[in-house]
Amino acid sequence: MTTLVWDMVDVLSSIFHFEGEIVVTWEEAEPTDLPGNYGYGYDHNYCLVFRNAN
């Protein structure tokens, strides 16, 4: 497990106000596909939400 997403929040928070996160989960396209068939071991992505601090 990586904390890259939270390292990015730490860096970007010095410029922007961090509002929160949206986690996008991926479902199989076909019933025979493995769950989260977005790539090996990936079943979700993060969408980080920031707003301009000014």
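How many aromatic pairs does the protein chain hold? The count comes to three aromatic pairs. I will go through two of them in detail, then the rest of the chain. Please keep in mind that this is a predicted model.

Take the pair of Trp 6 and Phe 18. Their ring centres are 6.1 Å apart and their planes stand at 90 degrees, so this pair is edge-to-face. The cut-off behind that word is a plane angle over 60 degrees. Trp 6 sits in helix α1, residues 4-12, and Phe 18 sits in strand β1, residues 16-25, so the pair ties together parts that are 12 residues apart in sequence. Trp 6 is partly exposed, with a relative accessible area of 33%. Phe 18 is also partly exposed, with a relative accessible area of 23%.

Phe 18 has another ring partner, Phe 50. Here the centres are 5.3 Å apart and the angle between the planes is 55 degrees, and the pair is tilted. Phe 18 is in strand β1 and Phe 50 in strand β2, 32 residues apart, and this pair links distant parts of the chain. Phe 50 is partly exposed, and its relative accessible area is 23%. Taken together, ring pairs link Trp 6, Phe 16, Phe 18 and Phe 50 into a cluster.

Now the overall layout. The protein chain has one helix and two strands. Read from the N terminus, the order of the elements is α-β-β. The chain has 54 residues, and 9% of them count as buried. Its accessible surface comes to about 4,700 Å², and carbon and sulfur atoms hold 57% of that. As for contacts with a separation of 6 or more, 56% of them are between residues 24 or more positions apart.

A word on confidence. The mean pLDDT of the protein chain is 77, and 67% of its residues reach 70 or more. Among the elements, β1 has the highest confidence, at a mean of 90, and β2 the lowest, at 87.

Next, Val 9. Is Val 9 buried or exposed? Val 9 counts as buried, because its relative accessibility is 7% and the cut-off for buried is under 20%. Val 9 belongs to helix α1. Setting aside neighbours within four places in sequence, Val 9 is in contact with Phe 18, Leu 48 and Phe 50. Two of those names, Phe 18 and Phe 50, you have just heard as the tilted ring pair. Val 9 and Gly 20, which are 11 residues apart in sequence, have their C-alpha atoms 9.5 Å apart.

On to charges. Side chains of opposite charge can pair when their charged atoms come close. How many salt bridges are found in the whole structure? The search finds one salt bridge. Its partners are Arg 51 and Glu 19, and their closest N and O atoms are 2.5 Å apart. Arg 51 is in strand β2 and Glu 19 in strand β1, so the salt bridge ties together parts that are 32 residues apart in sequence. Both ends are partly exposed: Arg 51 has 42% relative accessibility, and Glu 19 has a relative accessible area of 45%.

Back to Trp 6, this time for the surface. Which residues make the nonpolar surface patch? The patch is made by Trp 6, Val 23 and Tyr 46, and its area is about 260 Å². Tyr 46 is in strand β2, residues 44-52. The relative accessible area of Tyr 46 is 37%, and Tyr 46 is partly exposed. Trp 6 therefore appears in the patch as well as in the ring cluster, and its 33% relative accessible area makes it partly exposed.

The last residue on my list is Asp 43. Where is Asp 43 found? Asp 43 is in the loop between β1 and β2. At 40% relative accessibility, Asp 43 is partly exposed. Asp 43 and Trp 26 are 17 residues apart in sequence, and their C-alpha atoms are 5.2 Å apart in space.

To sum up, strands β1 and β2 are linked by the ring pair of Phe 18 and Phe 50, and also by the salt bridge of Glu 19 and Arg 51. Helix α1 and strand β1 are tied together by Trp 6 and Phe 18. Val 9, the buried residue I described, is in contact with both Phe 18 and Phe 50.

Methods
Residues are numbered from 1 along each chain as its sequence is written. This is a predicted model: local features need pLDDT of at least 70, side-chain atom pairs count only at pLDDT 80 or more; totals for chains, interfaces and linings use all residues. Side-chain values use heavy atoms; hydrogens and water are left out. Patches are made of residues with over 30% relative accessible area and no salt bridge: like charges are joined within 9 Å, nonpolar side chains (Val, Leu, Ile, Met, Phe, Trp, Tyr) within 5 Å. Accessible areas come from the Shrake-Rupley method with a 1.4 Å probe; for residues, only the protein chains shown count as cover. A salt bridge is a side-chain nitrogen of Lys or Arg within 4 Å of a carboxyl oxygen of Asp or Glu. Helices (H or I, at least four residues) and strands (E, at least two) are DSSP runs, numbered from the N terminus. Buried means under 20% relative accessible area, exposed over 50%, partly exposed in between (1.4 Å probe, protein chains only). Contact means heavy atoms within 4.5 Å. Rings of Phe, Tyr and Trp (its six-membered ring) pair if their centres lie within 6.5 Å; planes under 30 degrees apart count as stacked, over 60 as edge-to-face and the rest as tilted. pLDDT is the predictor's confidence in each residue, from 0 to 100.
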